[in-house]
Amino acid sequence: MTALEAAVLGLVQGLTEFLPISSTAHLRIVPALLGWNDPGAAYSAVIQLGTVGAVLVYFAKDLARLSVAFVRGLVAREPFGTLDARLAWFVGLGTIPIGVCGLLFKRFIETSLRNLYVISASLIALAVVLFVVERLAAQRRSLDEMTLKDGVVVGLWQAVALIPGSSRSGTTITGALALGFTRADAARYSFLLSIPSTTLAGVFELKHLLEAPEGPGTALLALGTAVSFGTGLAAIWGLLQFVRSRSMLAFVVYRVALGLALLALVSAGVLAP
């Protein structure tokens, strides 16, 4: 891997992690189109730490408030006593499904599921689901009304994102919309829910990548992570502005178009699956 590749992959990661278009798919597709080697699921997981940093910075006040409420709830023996304490618990409990499934299916996620046929199918399938949910969902609830059941359900949707091409933000936003939450609150909860899962995945893979004899090395990992941090901040701001007044239809169209184009390129032999 060169510095240019690391920077481009960091740019792709930062721009696509929080949009419902799948960062994993783009980190697989872009190198394939440019004739570069697949960076692998481990590298993708590590540079996600940059986008985790972006969430931590952007939502620093919210996270501080949730953390304080969580501790106070434990001390007062009322863990679900306030809205902020409940949200903190929901984020933690909602992370369990993706953590368990990630460990159970790690080998498949890093190998056979990175097939471009799988990615193209996932892009299109979730686009259809997102379109249906967008059209039918009430979109009247706010995070103030979130229950433990809602948190677990959205967590289960997040586990679907382990299939490359489905999109972690795409699945969680879709799940929250299906439960009746507004687009803005669905996106906001999706960002908060991303912190534990992407942090754990990145830290888990970081040690293995640094020890690998043919790994990208510390400098290239740092470069990709730094670029993903900067572009991730811009993507968070952009998506929150977008969903306040617009539907998710643009992302549906993009996913279907990309999935069909990818399927055509692989079927024609232009790209290797």
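**Exercise 1. Aromatic rings**

Task: In this predicted model, find which residues ring pairs link into a cluster, then classify the pair of phenylalanine 70 and tryptophan 89 as stacked, tilted or edge-to-face.

Solution.
Step 1. Phe18, Tyr58, Phe59 and Phe191 form a cluster linked by ring pairs.
Step 2. The structure holds seven aromatic pairs. In one of them, the ring centres of phenylalanine 70 and tryptophan 89 are 5.3 Å apart. Rings count as a pair if their centres lie within 6.5 Å.
Step 3. Planes under 30 degrees apart count as stacked and over 60 as edge-to-face, with the rest tilted. The planes of phenylalanine 70 and tryptophan 89 stand at 50°, so this pair is tilted.
Step 4. The pair links distant parts of the chain, with phenylalanine 70 in helix H4 (residues 60-75) and tryptophan 89 in helix H5 (residues 83-104), 19 residues apart.
Step 5. Partly exposed lies between the 20% and 50% limits of relative accessible area. Phenylalanine 70 has 28% relative accessibility and therefore counts as partly exposed. Tryptophan 89, at 24%, is also partly exposed.

**Exercise 2. The nonpolar core**

Task: State how many residues the largest nonpolar core has and which helix gives the most to this core.

Solution.
Step 1. In soluble globular proteins, nonpolar side chains tend to be buried together.
Step 2. The largest nonpolar core here has 39 residues, and Phe59, Tyr189, Phe191 and Ile236 have the most contacts inside it.
Step 3. Several helices each supply at least two residues of this core, including H4, H5, H9 and helix H12 (249-267). Helix H10 gives the most, with seven residues.
Step 4. Phenylalanine 59 can be examined further: leaving aside neighbours within four places in sequence, phenylalanine 59 is in contact with Arg188, Phe191, Leu192, Ile236 and Leu240.
Step 5. Apart from the largest core lies another core, of 10 residues, among them Ala6, Val12, Val30 and Leu220.

**Exercise 3. Helix H8**

Task: Compare the reach of helix H8 (residues 148-160) with its expected span, and list its buried residues.

Solution.
Step 1. Helix H8 has 13 residues. At 1.5 Å a residue, the expected span is 18 Å.
Step 2. From its first C-alpha to its last, H8 reaches 19 Å, which is close to the expected value.
Step 3. The buried residues of H8 are Asp150, Gly151, Val154, Gly155, Gln158 and Ala159.
Step 4. An α-helix has 3.6 residues a turn, so residues three or four places apart point the same way.

**Exercise 4. Three loop residues**

Task: Decide whether serine 167, serine 22 and arginine 77 are buried or exposed, and describe where each lies.

Solution.
Step 1. Buried means under 20% relative accessible area, and exposed means over 50%.
Step 2. Serine 167 is in the loop between H8 and helix H9 (168-178). Its relative accessibility is 4%, so serine 167 is buried. The side chain of serine 167 reaches the backbone nitrogen of glycine 170 at 2.8 Å. Not counting residues up to four places away in sequence, serine 167 touches Leu19, Pro20, Ile21, Ser22, Ala161 and Arg255.
Step 3. Serine 22 lies in the loop between helix H1 (3-16) and helix H2 (23-34). With a relative accessible area of 1%, serine 22 is buried. Phi of serine 22 is near 75°, a positive value in a residue other than glycine.
Step 4. Arginine 77 lies in the loop between H4 and H5. Its relative accessible area is 77%, so arginine 77 is exposed. Phi of arginine 77 is positive, near 60°.

Note on methods:
Residues are numbered from 1 along each chain as its sequence is written. This is a predicted model: local features need pLDDT of at least 70, side-chain atom pairs count only at pLDDT 80 or more; totals for chains, interfaces and linings use all residues. Side-chain values use heavy atoms; hydrogens and water are left out. Rings of Phe, Tyr and Trp (its six-membered ring) pair if their centres lie within 6.5 Å; planes under 30 degrees apart count as stacked, over 60 as edge-to-face and the rest as tilted. Helices (H or I, at least four residues) and strands (E, at least two) are DSSP runs, numbered from the N terminus. Buried means under 20% relative accessible area, exposed over 50%, partly exposed in between (1.4 Å probe, protein chains only). The expected span of a helix is 1.5 Å times one less than its number of residues. A polar contact is a pair of N or O atoms within 3.5 Å; within protein, one must be able to donate a hydrogen and the other to accept it, and residues adjacent in sequence count only if both atoms are side-chain atoms. Contact means heavy atoms within 4.5 Å. A nonpolar core is a set of buried Ala, Val, Leu, Ile, Met, Phe, Trp, Tyr and Cys residues joined through side-chain atoms within 4.5 Å.
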